Each structure stands twice: as C-alpha cells, then as structure tokens.
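Work through these short exercises with the model open. Each task is followed by its solution.

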Amino acid sequence: MPELMQGLTFADLLPFILVGFAAQLIDGALGMAFGVITSTLLVGVLGVPPKLASAKVHVVEIFTTGVSGLNHLFHGNIDGKIFFRLVIPGVIGGVLGAYVLSNVDAEAARPFVLAYLAAVGLWLLWRGLDHQPQIKDPKIIAPLGLVGGFLDAAGGGGWGPIVTSNLLLQGAEPRKVIGSVNAAEFFLTSAISATFIWHLGLEQFGVAVVGLLIGGVIAAPFGAWAAKHFPAKTLLLMVGVVLTLTSAYGIYRALA
C-alpha cells in the first residue's frame, strides 16, 4: 500500500472520492446501491473486467460497511434477529458467488434479476405512496441472505437491493432493516474479498480502491444518521426510487 500511494495526486483520487462518498451516503441511508453505483463506474466507464471490478468494490466495502455498521449500532438501527439470521447464509452465498465469478461467466442471468428488482422497486413506490407502512416481523430472512450474498459477489452488487427490498416488502421496520443489512454486509464483504484474493491475487488494489475507500468511510456516519431520522414512509419511497432507477439502468446496459 505505501508503494501504491507514491505518485498519486489529489486530482487522481477526487473523482473516486466523490463517487465513494455519494454511493456510501445512499447505501448507508437506504441499505443499498454502493456496489451497484461503483461497479457501474468501474465496468461501464473505466472498462474494468467484471470480476476485478467486483473484487475492488468488495475490498472497499470491508471498510465502509465496518464503519457504517458501527454507526448503525450507535444509532440503534440494528435488529439482532434479522442480523444473525442474515450473516451465515450471506457469507455462504457470497463465497459461492465469488467462486463462480472467478471461474464462470454468470452474466446471462443478470437482466432477469434486474427486471425482478425493478418490479420490486415499483411495488415499494406504490406501497409508500398509497399506504402507511405497517410494521411486521419478516418471516423469510436466511434464504434472502443466501441469494443476496451470491448475487452480490457474482454481479458486483446485489446484497442491498435483494435483501433490503424483500425485507421491506415483508413489512419490517425500514431503519432496522437498513441498519441490520448494512452491519451483516461487513461479514459478507470480508468473506467475498478473501475469496477473490485467493483466486485473483492482489490486483484489486489501485487508485480506484483508495479513492472509493476515502469517500465511503467519510460518508458512512451520515448515512446511518439519516436512516435513524428519516420517517419510515420516506425511506420506503426513497428505496423504491433508487431500486427502480438503478435496476432500469442496469437492464438498459445489459440489453444495449
């Protein structure tokens, strides 16, 4: 890492710092979008191969999710039942997804997953506009962790969109969902990153990682604060908007 920092200027880092800050601010407040936004930048704009982009994003997320999880814990945004039922399945799914992406092209299913997420986003928007959220204990948690972890590693982002959105559909309290999903993601990203390093080496370190890391760590406390103080209905609507827009853009990119 010291060698990496030599010769870097603030101008080199600034675009990635800004992207990391914005992505983590959204992710910390809504429980999704860091991986989607940063992976889109790395793959779509900079031309980074998908497996290396996913590796870079997950290395950054070890630190951003760690800081975010601690801040959500401080603000009382974590539900222990949801957290513990997500962690182990999420780690298992993440390791499997990282292995698949390192050895197999899993992009064929991406448009179908994005179409599902776009539909979920529209459903959340409808619920937020027409109904006051009714808080209920979610019944399906562990399977969401497994699927969300797999898609997160295989697609460079997907943990938040899959897990957060489906827990909200089941009626769980928005800020508790967001905090629990963010905290569990630390263990998921650590396992995914270790798997990528094992299969791909240490190539994932670079200017993008340093810049995204700086911006993401700075933004993490603000996202947790927002999740605590925004009304539940507002969070539901914001999740619906972000999920619908990012999924629709992903579908366009996949089919273009």
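The bend at a residue is the angle between two fitted axes, one for the seven residues ending there and one for the seven starting there. The model is a predicted one.

**Exercise 1. Find the kink in helix H10 and check the helix span.**

Step 1. Locate the bend. H10 has a kink of about 35° at Ala220. The proline Pro221 follows shortly after.

Step 2. Work out the expected span. H10 covers residues 207-229, which is 23 residues. At 1.5 Å a residue, the helix should span 33 Å.

Step 3. Compare. The end C-alpha atoms of H10 lie 34 Å apart, in agreement with that value.

**Exercise 2. Classify the ring pair Phe83 and Phe187, then place both residues.**

Step 1. Count. The whole structure holds four aromatic pairs.

Step 2. Take the geometry. The ring centres of Phe83 and Phe187 are 6.0 Å apart, and their planes meet at 65°. Planes over 60 degrees apart count as edge-to-face, so this pair is edge-to-face.

Step 3. Place them. Phe83 sits in helix H5 and Phe187 in helix H9, so the pair ties together parts 104 residues apart in sequence.

Step 4. Check accessibility. Phe83 is buried at 13%. Phe187 is partly exposed at 38%.

Step 5. Widen the view. Phe83, Phe84, Phe186 and Phe187 make up one aromatic cluster.

**Exercise 3. Which side chains meet in a salt bridge, and how exposed are they?**

Step 1. Identify the pair. Arg175 and Glu173 form a salt bridge, 3.5 Å from N to O. The count is one.

Step 2. Assess exposure. Arg175 is partly exposed at 22% relative accessibility. Glu173 is partly exposed at 31%.

Terms used:
Residues numbered from 1 in each chain as written. Predicted model: local features only at pLDDT ≥ 70, side-chain atom pairs only at ≥ 80, totals over all residues. Heavy atoms only, no water. Salt bridge = Lys/Arg side-chain N within 4 Å of Asp/Glu carboxyl O. Buried < 20%, exposed > 50% of the residue type's maximum accessible area, 1.4 Å probe, protein only. Helix = DSSP H or I, 4+ residues; strand = E, 2+ residues; numbered from the N terminus. Expected span 1.5 Å × (residues − 1). Phe/Tyr/Trp six-rings, centres within 6.5 Å; stacked < 30°, edge-to-face > 60°.
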